[in-house]
Amino acid sequence: MSLSHATQNETQFDVFSQVARYDHEQILICQDNHTGLKAIIAIHNTVLGPGLGGTRMWNYSSEAEAINDALRLSRGMTYKAAISGLNLGGAKAVIIGDPTKHKSEHLMRKFGRFVDNLGGKYITAEDVGTTTKDMEYVAMETDHVVGLPEIMGGGGDPSPVTAYGVYMGIKASAKKAYGSDNLAGKKIAVQGTGKVGLHLIEMLKKDGAILFATDIFEHGLKIASDKYGATIVKPEEIFGLDVDIFAPCALGAILNTNTIGQLKCKIVAGAANNQLEDDNIHGDMIKSKGIYYAPDFLINAGGLINVYSEYNGYVREIAFAQTENIYNTVLNIYEKSEADNINTQLAAIQLAEKRVNDTMHLQSKI
Ligand code: NAD
């Protein structure tokens, strides 16, 4: 892939200014003609520790889009690890291609070789478009991979731990908004009945919440309604429901000018990454409506905490216990947001950046 000789529809894309904008440490372009591998590993910041972030495989419409995704997502991983108190940096990899057509054992193994060449500066894991099986192929070529099945010494499916962190975020937000974190009788709308959404619904049901759910596929909805008594609504109806809490557990960028205008809830707290279409504009908009927004990268960090636990010999109970800290951090963020009069997403970013900067200062004095 040529970065200096941009294709016609990429003439506006300047990779160095993008890298400088987010202040990345290193970008690795991985290419292999034999397997067809085209990947980008973006290492954003390794001040706190090795950069950890999953490998996404996606049929990007352009190379610029793939690079942008890697840059944006890797920066998000720096924030997530920093605010969660983990000694990890932020990184992410993207593989360009259709995961249903272009993936093979040898493509994943070749990718594993590139990961290995970084000597531990980047640690990979599964993400959208890659599976645990793919990570088993990667693990044939490198030790720098986490999220393997439990029988291989890994932490297995992170979704229950992610859901638990979101549940903690919802409870802390309820404490702030209502003075009590008791969710009995609270009306809660869950967007997306996938892996995280269904675990979350189970936890909320146990607390006596009144549930509403939506999805674009039937499978999870049937479980939500038959097993947990959730009322099913159409995807476009979820935003305007008369509920106390909205938990987005499907897609990014779903909090925008149109959807925020429809919200009647007091709290937004869910698992989806990058929920705010724009951190400044939509973070401010949600704050000015008097809605408590629990920053996504803070409350969905349970999955990262889960893989981090693999370093010390994985014990699932410990991962769950560490995820409980999310409750107090969310309360701190609401306090900081009020004290500094900034939206909660920016308050969380500032807290994460402070930990990175303070650690960098510490290192420069040794
Ligand atoms: P998933 O793919 O299992 O579930 C997502 C669900 O959202 C699917 O059932 C899908 O059909 C549904 N969906 C897609 N578009 C929709 C729409 N327009 N309206 C309603 N539903 C829609 O994914 P997951 O693992 O449950 O993750 C959910 C979200 O949380 C994702 O954004 C993911 O990036 C994020 N997240 C997940 C984890 C984890 O541990 N799994 C960790 C951190 C963040």
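**Exercise 1. Identify the salt bridge partner of Lys222 and say where the two residues lie.**

Solution. In this predicted model, Lys222 forms a salt bridge with Asp226, and the closest N and O atoms of the pair are 2.6 Å apart. The next step is to place the two residues: Lys222 and Asp226 both belong to helix α7 (residues 218-226), where a spacing of 4 residues amounts to about one turn of the helix. As for the surroundings of the acidic partner, Asp226 has a relative accessibility of 55% and therefore counts as exposed, the cut-off for that class being over 50%.

**Exercise 2. Determine which residues are joined into one network by salt bridges that share partners, and examine the pair Asp127 and Lys92.**

Solution. Salt bridges with shared partners join Arg56, Asp69, Arg72, Lys92 and Asp127 into one network. Within the pair to be examined, the closest N and O atoms of Asp127 and Lys92 are 3.1 Å apart. Asp127 is found in the loop between β6 (122-123) and α4 (132-139), while Lys92 is in strand β5 (residues 89-96), so this salt bridge ties together parts that are 35 residues apart in sequence. Both Asp127 and Lys92 are buried.

**Exercise 3. Classify Arg113 and Glu141, which meet in a salt bridge, as buried, partly exposed or exposed.**

Solution. Begin with the contact itself, in which the side chains of Arg113 and Glu141 come to 2.6 Å, N to O. This pair links distant parts of the chain, since Arg113 sits in helix α3 (residues 105-117) and Glu141 in the loop between α4 and α5, 28 residues apart. Now apply the limits, under 20% for buried and over 50% for exposed: Arg113, with a relative accessible area of 47%, is partly exposed, whereas Glu141, at 15%, is buried.

**Exercise 4. Describe the largest nonpolar core and explain where it lies with respect to domain 1 and domain 2.**

Solution. The largest nonpolar core has 62 residues, of which Tyr167, Ile170, Leu200, Leu204, Ile299, Leu304 and Val330 touch the most other members. Helix α5 (residues 159-178) contributes the largest share of this core, namely 8 residues. Residues come both from domain 1 (3-77 + 88-145) and from domain 2 (159-354), so the core lies between them. To follow one member in detail, take Leu200, which touches Ala163, Val166, Tyr167, Ile170, Ala247 and Cys249 when residues up to four places away in sequence are not counted. Apart from this core lies another, of 21 residues, including Met57, Val115, Tyr122 and Tyr137.

Definitions and conventions: Residues numbered from 1 in each chain as written. Predicted model: local features only at pLDDT ≥ 70, side-chain atom pairs only at ≥ 80, totals over all residues. Heavy atoms only, no water. Core = buried A, V, L, I, M, F, W, Y, C linked by side-chain atoms within 4.5 Å. Buried < 20%, exposed > 50% of the residue type's maximum accessible area, 1.4 Å probe, protein only. Domains from an automatic or database assignment. Contact = heavy atoms within 4.5 Å. Salt bridge = Lys/Arg side-chain N within 4 Å of Asp/Glu carboxyl O.
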